[in-house]
Amino acid sequence: MSKTADFALDGFINVLKPPGLTSHDVVGSLRKILKTKKIGHAGTLDPGAAGVLPIAVGRATRFIEYLAAVGKSYRAELLFGAETDSGDDTGSAVARAPEGWEFPSTEKILAGMKTLTGEITQVPPVYSAVKIDGKRAADLVRANKEVTIPPRQVTIYRFELLAEDRERRTLLLDVDCSKGTYIRSLCTDLGRAVGIPATMSFLVRTRVGEFPLKEAFSLEELAEIGERDFSALPVLPPERYLGHFPRYDLTAARLKPFTNGLSTHDVKFAENLRGTAAAKKEESQLITVWCDGVFRGIGRFDWETESVYPEKLYIL
């Protein structure tokens, strides 16, 4: 069935990015499948990596930025024997294990992982999308420019050893982490922690916020669904993936003022929100705004004025 005039694509799609394609390549393929130019992705994946790539379509593209704060999960393979400039097995070796080196003991590996759990300081690889003076570090390196990337604070919520393969010299690892974490750097740092140079040899992203791998669709699956019944494409409403923000319910009387850019004073909401796990210490707090059970957009709650201000609207 072809696209009908009364069917609009507005929402998020949980896409399974294959290895070998850039995130931009995936967006290009989806433009053809979805027959729309209004599309974007959240959370870039390296070309060699596979896994969850959230895609926003239509008006939902306005909310891509709010996925930046969500946590992510990965399954990675670490390969002992060499450390590379890229942090994975596509790079050039910058350190090699000495001849006759022995595979570290499980106890030593777990001890090293423990030092890399919780809030840690990490330096992203030079071959990365980190911006230096507005340009990607990887592009600067390829242009033979000297690049120094400052360390950053990230949080490793869970770092689990799933398997050891002493014959292949690998570890299989699961990681839950905060935004901005580079698993390539985590593998490099674990190698340093156990005294054996290491690099990442495989990576699949298993979760981005509320986007799990088990619910992701391949490009081939999406193309088949689109050809069969365009309205059956798994485009889900943006509010499903914005649950990491507190929810605020506007009264019907305040909906029009909200859409016109006016604030809503609410002392009771401040009292209920204050002290909860969702409350932030910043001057203002991002929230999802609802009215009559319908998602209306993103708001910002100002602690000083105890008022809700519109940030981005999503009015159906």
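Visitor: Let me start with a single side chain: is cysteine 187 buried or exposed in this structure?

Guide: In this predicted model, cysteine 187 is buried, with a relative accessible area of 2%. To read such a value, compare it with the cut-off, since buried stands for anything under 20% relative accessible area. Cysteine 177 is buried as well, at a relative accessible area of 1%.

Visitor: How many disulfides does a search of the whole structure find?

Guide: The search of the whole structure finds 0 disulfides. Cysteine 177 is in none, and the nearest cysteine sulfur to its own, that of cysteine 187, is 11 Å away. Seen from the other side, cysteine 187 is likewise in no disulfide, with the sulfur of cysteine 177 as its nearest, 11 Å away. The cut-off for a disulfide is a pair of cysteine sulfur atoms within 2.5 Å, so a distance of 11 Å does not qualify.

Visitor: Before going further, what does the secondary structure of the protein come to, and what share of its residues counts as buried?

Guide: The protein has 7 helices and 18 strands, and 47% of its 316 residues count as buried. Its C-alpha atoms fill a box of roughly 75 × 50 × 40 Å along the principal axes. Of the contacts between residues at least 6 apart in sequence, 67% join residues that are at least 24 apart.

Visitor: Which residues of helix α5 are buried, and what do they pack against?

Guide: A useful way to read a helix is to look down its axis and ask where the buried residues point. In α5, which spans residues 219-228, Leu219, Leu222, Ile225 and Gly226 are buried. Viewed down the axis of α5, these buried residues fall within an arc of 125°, so they line one face of the helix. The face turned away from that buried side carries the exposed residues Glu220, Glu224, Glu227 and Arg228. On the buried side, the residues of α5 pack against β1 (11-17) and α1 (23-34).

Visitor: How many of the residues of β1 are buried, and which strand does β1 pair with?

Guide: As general background, side chains in a regular strand alternate between the two faces of the sheet. In β1, 6 of the 7 residues are buried, so the strand is largely enclosed by the rest of the structure. β1 pairs with β3 (residues 50-57) in the antiparallel sense, over 7 bridges, and within this arrangement leucine 16 stands opposite valine 52 of β3.

Visitor: What does glycine 11 touch?

Guide: Glycine 11 lies in strand β1 and is buried, with a relative accessible area of 0%. Leaving aside residues up to four places away in sequence, glycine 11 touches Ile55, Ala56, Val57, Ala60, Val235, Leu236 and Pro238. Glycine 11 and isoleucine 55 are 44 residues apart in sequence, and their C-alpha atoms are 8.4 Å apart in space.

Visitor: How many aromatic pairs are there, and how should I read one of them?

Guide: A pair of aromatic rings is described by the distance of the centres and the angle of the planes. The count here comes to 14 aromatic pairs. In one of them, the rings of phenylalanine 63 and tyrosine 66 have centres 6.2 Å apart and planes at 40°, so the pair is tilted. Phenylalanine 63 is buried at 0% relative accessible area, and tyrosine 66 is buried at 4%. Phenylalanine 301 and tryptophan 303 form an edge-to-face pair, with 5.4 Å from centre to centre and 90° between the planes, and both residues are buried.

Visitor: Which residues do ring pairs link into a cluster, and which charged end sits over the ring of tyrosine 314?

Guide: Ring pairs link Phe63, Tyr66, Phe245, Trp290, Phe295 and Tyr314 into a cluster. The charged end of arginine 59 sits over the ring of tyrosine 314, 5.1 Å from its centre, while that of arginine 247 sits over the ring of tryptophan 290, 3.9 Å from its centre.

Visitor: Finally, where do arginine 169 and glutamate 306 lie?

Guide: Both lie in loops, and for each it is worth checking the backbone angle phi. Arginine 169 is in the loop between β10 (152-165) and β11 (170-177), has a positive phi of about 65° although it is not a glycine, and counts as partly exposed at 35% relative accessibility. Glutamate 306 is in the loop between β17 (294-302) and β18 (307-313), and its phi, near 55°, is again a positive value in a residue other than glycine.

Methods. Residues numbered from 1 in each chain as written. Predicted model: local features only at pLDDT ≥ 70, side-chain atom pairs only at ≥ 80, totals over all residues. Heavy atoms only, no water. Phe/Tyr/Trp six-rings, centres within 6.5 Å; stacked < 30°, edge-to-face > 60°. Buried < 20%, exposed > 50% of the residue type's maximum accessible area, 1.4 Å probe, protein only. Lys NZ or Arg CZ within 6 Å of the ring centre and 35° of its normal. Helix = DSSP H or I, 4+ residues; strand = E, 2+ residues; numbered from the N terminus. Arc of directions from axis to C-beta. Contact = heavy atoms within 4.5 Å. Pairing = 2+ DSSP bridges.
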